[in-house]
Amino acid sequence: EVEKYNGRVETLLLLKTTIESCYKEQRDRLHAPLRRHLQPFLNDVFPAAELELGDGFAIAGIKRSGPTAETFERLSAGTQEQIAVLVRLAMGAMICERGQPVPVILDDALVFSDDDRIEQMFDALNRAGQKQQVIVLTCRTRAFAVLGGRQLAISTNLATSPLA
């Protein structure tokens with residue numbers, strides 16, 4: 001009787017391992033196009049780093065210099081924000097490659113970035129801007145001025161507004 005149950009346990013463990021392996025293989029195949037577009041952007045900011053994606057394209061962690069990945073939740077707010085922007089840029093590039101150019105809109109992104117890291121992020125934004133439109137909404141116009149592009153401002157003077 002014990003051998004019969006041990007056989008069932010082994011069968012179920014093999015089934016579990018096989019399903020998990022197939023699931024991981026399918027998830028990796030699904031993530032491959034995003035990874036391909038993400039890596040150049042990631043290298044602009046985190047050279048030689050590798051992003052770990054979980055279910056539903058959730059960011060699970062990042063491998064930088066150490067052998068293990070840092071979980072996304074344990075990263076600083078600035079690093080989390082930068083990775084999220086890089087993933088958006090990669091998704092925009094992926095959609096653009098398929099013949100449907102879409103703008104990438106960033107609303108007050110990179111507020112937690114220090115001076116050095118924001119310059120690296122500008123490299124990634126410039127890379128994205130070569131193939132698609134990147135719209136940055138920010139109150140930090142001086143910091144973003146180095147990106148170039150066309151700056152627009154909202155006038156608070158209603159008398160000079162064309163809608164008045």
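The legends below describe close-up views of a predicted model.

In this model, local features need pLDDT of at least 70 and side-chain atom pairs count only at pLDDT 80 or more, while totals for chains, interfaces and linings use all residues. Residues are numbered from 1 along each chain as its sequence is written, and side-chain values use heavy atoms, with hydrogens and water left out.

**View 1. Helix 2 and the residue Gly99 that follows it.** Helices (H or I, at least four residues) and strands (E, at least two) are DSSP runs, numbered from the N terminus. Helix 2 covers residues 77–97, and its 21 residues at 1.5 Å a residue should span 30 Å, which agrees with the 30 Å between its end C-alpha atoms; the expected span is 1.5 Å times one less than the number of residues. Just after this helix, Gly99 has a positive phi of about 90°.

**View 2. The three-stranded open sheet.** The strands lie in the order 1-2-3 with antiparallel pairing, where strands pair if DSSP finds at least two bridges between them. Strand 1 (50–53) and strand 3 (70–71) stand at the edges with a single partner strand each, so one side of each has no neighbour in the sheet. Four bridges join strand 1 to strand 2 (residues 59–63), and Leu51 has Ile62 of strand 2 as its bridge partner.

**View 3. Helix 1 and helix 2 against the sheet.** Helix 1 lies across strand 1 and strand 2 and runs at about 150° to strand 1; angles run from 0 to 180 degrees between N-to-C directions, with axes as lines fitted to C-alpha atoms, for helices over the stretch in contact. Helix 2 also packs on the sheet, touching strand 1 and strand 2 (contact means heavy atoms within 4.5 Å), and its direction makes about 105° with that of strand 2.
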